[in-house]
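Here are my notes for you to read alongside the picture. Keep the model open and click along as you go.

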Amino acid sequence: MSPPSSHLRAFHRLNLYAGAASVGVAATLVALKLWALGETGALSVAASLADSALDLVASLAALMGIRYAAKPPDDDHSFGHTSIEDLVALGQALIVTASAGLIGWTALSRLGTPPALASEDVGIAVMLFSLALTAGLVLWQTHVARRTGSKIVAADRLHYLSDLWPNLGAMIALYGASRFGLLWLDPVLALLACGLLLSGARRIGIDAWDALMDRQASDPDIARIERLLRATPGVLGFHDLRTRTAGARLFVQVHVELDGDLPLRDAHAIAAHLKRALIAELPQADVIIHQDPV
């Protein structure tokens, strides 16, 4: 038994809305930061611009991935297409890593002789607007990722969550240069932003890689499955519990031990009840139960 189709359609719609919002925000921020960079010449603004430009590419890929992952199973993909989420998330991690490396290299080259900045007030205004817009998007993506379990939306959320710090750093660097002449703040804060980007990319990449390598579900999810197995009336025991994830889907296979003298109809009813309970607890689960007589 799989989750109700209406339930999955609602999840897909939420994921698509989150993907479209991500693309719209990224495009807006790229345009604003490009203008701010021309006005200020600040490396911290350039770092934020580079990150937003890569976010736009990643968000477009994420939106296409969300659409592809929503395709139903077919003859060539009997388990569906949700593994595309892990591939897109891994690609996003590589993009962010490359972006952070470029920013860090440029910042190191400017540490000794930081250039003068201009039009700091313009840059501060743009960064403040970017901060507010990004924060709003992160809140929406957090809601969607928790509701649907989409790894693409979660990876995109980490992108924009890490953007909050570069935007804040750019504001601090511009303010420090404008008010106190602290030009060294610009490359130093760019380096800090680089470190945060690398940390976020590592988290995204490890999670995606684990899913592509068929790593088992998280310990809390396995504990929930085992609790339901033990609590189901008629289930005398279980063995060979196996799980794996693909995108937002969780695949569960388990052998349950039933009274060997039960009529087939009763044994099937117990297994069906257990399957419904598992899907109610884990709505994105695809469950296969094998019945063993004791």
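Which residues are buried in helix 7? Hold that thought; point 3 gets to it.

1. Ground rules. This is a predicted model, where local features need pLDDT of at least 70 and side-chain atom pairs count only at pLDDT 80 or more, while totals for chains, interfaces and linings use all residues. Residues are numbered from 1 along each chain as its sequence is written, and side-chain values use heavy atoms, with hydrogens and water left out. As for pLDDT, that is the predictor's confidence in each residue, from 0 to 100. The protein chain averages 79, and 81% of the residues score at least 70. Among the elements, helix 7 has the highest mean pLDDT (93), whereas helix 5 (residues 151-180) has the lowest (70). Where pLDDT is low, the predicted coordinates should not be read in detail.

2. The overall layout. You should be able to count eight helices and three strands in the protein chain. Helices (H or I, at least four residues) and strands (E, at least two) are DSSP runs, numbered from the N terminus. Walking along from the N terminus, the order is α-α-α-α-α-α-α-β-β-α-β. Of the 294 residues, 45% count as buried; buried means under 20% relative accessible area, exposed over 50%, and partly exposed in between (1.4 Å probe, protein chains only). A contact means heavy atoms within 4.5 Å. Take the contacts between residues at least 6 apart in sequence: 74% of these join residues at least 24 apart.

3. Helix 7, as promised. The buried residues here are Asp221, Ile222, Ile225, Leu228 and Leu229. Look down the axis of helix 7 and they fall within an arc of 125°, so they line one face of the helix. (The arc is that of the directions from the helix axis to the C-beta atoms.) On the other side, Asp219, Pro220, Arg230 and Ala231 are exposed. What do the buried residues of helix 7 pack against? Their partners are strand 1 (237-246), strand 2 and helix 8. The length checks out too: at 1.5 Å a residue, the 13 residues of helix 7 should span 18 Å, and the end C-alpha atoms are 18 Å apart, which agrees. The expected span is 1.5 Å times one less than the number of residues.

4. The largest nonpolar core. By that I mean a set of buried Ala, Val, Leu, Ile, Met, Phe, Trp, Tyr and Cys residues joined through side-chain atoms within 4.5 Å. The largest one has 21 residues, and Ile225, Val256, Val287 and Ile289 have the most contacts inside it. Two or more residues come from each of helix 7 (219-231), strand 2 (249-258), helix 8 (264-281) and strand 3 (285-293). Helix 8 gives the most, with six residues. Try clicking on Val256: leaving out residues up to four places away in sequence, Val256 touches a whole list, including Leu229, Phe238, Leu274 and Ile289. There is also a second, separate core of 14 residues, with Ala100, Cys194, Ala201 and Ile204 among them.

5. Helix 8. Ala267, Ile270, Ala271, Ala272, Leu274, Lys275, Leu278 and Ile279 are buried in this helix. The buried residues of helix 8 pack against helix 7, strand 2 and strand 3. His273 lies in helix 8 as well, but counts as partly exposed, at 40% relative accessibility. Not counting neighbours within four places in sequence, His273 is in contact with Thr232 and Pro233. His273 and Thr232 are 41 residues apart along the chain, yet 8.0 Å separates their C-alpha atoms.

6. Two buried polar residues. Where is Ser59? Ser59 sits in helix 2 (residues 43-69) and is buried, with a relative accessible area of 0%. The side chain of Ser59 makes a polar contact with the side chain of Ser22 (2.6 Å). A polar contact is a pair of N or O atoms within 3.5 Å; within protein, one must be able to donate a hydrogen and the other to accept it, and residues adjacent in sequence count only if both atoms are side-chain atoms. Thr243, found in strand 1, is buried at 11% relative accessible area. The Thr243 side chain reaches the backbone nitrogen of Ala217 at 2.9 Å.

7. One oddity to look up. Asp240, also in strand 1, has a positive phi of about 55° although it is not a glycine.
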